[in-house]
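Work through the exercises below with the coordinates loaded. Try each task before reading its solution.

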Amino acid sequence: MTLGIKSAAGLLALLFGAVALLLAAPQTATPPPPAKVIVPKPRTPRRVSLDPAQFTDPDTRKAYQIAKDNPKLLEKMACYCGCMTSPEDAHTSNYECFVDKHGAGCAMCRRIALEAQQMATLGTKVTDIKREIDARYAH
């Protein structure tokens, strides 16, 4: 008889433990809002990027060099620093961050250009680069 009571008590304790775990488990979280992916719209005719030689910071110089050497790549990338949605800047793609000195003062613009070029160098397709940049930076 004692064995039956101990077994029932153990089963009851196990049941209460399971219920407690279920109640303590996090509820299904509300999914985050969809990312605001920006679609770049290259300007025609293309504006000329600034000369990379005028910049002393290595990453800045490299980003301006990418804009000079590979404008078609950066024209397909959005910039997520706010310059594409700002009425003052009105950039149409990441490329346009480098037609003025905006890119020199904005780490995100440079990072997008440097990362896009790095992926392109590895042979990544432009559509996949765009998807990756959007996934990293769209909020």
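The exercises go from the whole chain to single residues.

This is a predicted model, in which local features need pLDDT of at least 70, side-chain atom pairs count only at pLDDT 80 or more, and totals for chains, interfaces and linings use all residues. Residues are numbered from 1 along each chain as its sequence is written, and side-chain values use heavy atoms, with hydrogens and water left out.

**Exercise 1. The whole chain**

Task: Describe the fold content, burial and surface of the protein chain.

Solution.
- Step 1: Assign elements. Helices (H or I, at least four residues) and strands (E, at least two) are DSSP runs, numbered from the N terminus. The protein chain has five helices and zero strands. Their order from the N terminus is α-α-α-α-α.
- Step 2: Assess burial. Buried means under 20% relative accessible area, exposed over 50%, and partly exposed in between (1.4 Å probe, protein chains only). Of the 139 residues in the protein chain, 34% are buried.
- Step 3: Compute the surface. Areas come from the Shrake-Rupley method with a 1.4 Å probe; for residues, only the protein chains shown count as cover. The accessible surface of the protein chain is about 9100 Å². Carbon and sulfur atoms hold 63% of that surface.
- Step 4: Check contact range. Contact means heavy atoms within 4.5 Å. Among contacts in the protein chain with a separation of 6 or more, 64% join residues 24 or more positions apart.

**Exercise 2. The core**

Task: Find the largest nonpolar core and the elements that build it.

Solution.
- Step 1: Apply the criterion. A nonpolar core is a set of buried Ala, Val, Leu, Ile, Met, Phe, Trp, Tyr and Cys residues joined through side-chain atoms within 4.5 Å.
- Step 2: Count and rank. The largest nonpolar core has 30 residues. L74, Y80, F98 and I112 have the most contacts inside it.
- Step 3: Map to elements. α2 (58-69), α3 (71-75), α4 (107-121) and α5 (126-137) each give two or more residues to this core. The most come from α4, with seven residues.
- Step 4: Inspect Y80. Beyond neighbours within four places in sequence, Y80 touches K36, V37, I38, M108, I112, K130, I133, D134, Y137 and A138.

**Exercise 3. Helix α4 and its partner**

Task: Characterise α4, then its packing against α5.

Solution.
- Step 1: Check the geometry. The expected span of a helix is 1.5 Å times one less than its number of residues. α4 has 15 residues and reaches 21 Å from first C-alpha to last, close to the 21 Å expected at 1.5 Å a residue.
- Step 2: List its buried residues. They are M108, C109, R110, I112, A113, L114, E115, A116 and M119. These buried residues of α4 pack against α2, α3 and α5.
- Step 3: Look past the helix. G123 follows α4 and has a positive phi, near 95°.
- Step 4: Fit the axes. Axes are lines fitted to C-alpha atoms, for helices over the stretch in contact, with angles from 0 to 180 degrees between N-to-C directions. The α4 and α5 axes come within 10 Å and cross at roughly 145°.
- Step 5: Assign handedness. A crossing is left-handed if the near helix is turned anticlockwise from the far one by less than a right angle, and right-handed if clockwise. The crossing of α4 and α5 is right-handed.
- Step 6: Name the interface. M108, R111, I112, E115, A116, M119 and A120 in α4 meet I129, E132, I133, R136 and Y137 in α5.

**Exercise 4. Loop residues**

Task: Which residues does C97 contact, leaving aside its neighbours within four places in sequence? Then examine S49, L50 and P45.

Solution.
- Step 1: Place C97 in the loop between α3 and α4. C97 counts as buried because its relative accessibility is 0%.
- Step 2: List the contacts. With those near neighbours set aside, C97 contacts Y64, C79, C83, H91, H102, G103 and C109.
- Step 3: Move to S49, in the loop between α1 (2-24) and α2. S49 is buried because its relative accessibility is 14%.
- Step 4: Compare L50, in the loop between α1 and α2. L50 is partly exposed, with a relative accessible area of 22%.
- Step 5: Check the backbone at P45, in the loop between α1 and α2. The T44 to P45 peptide bond is cis, with omega near -5°.
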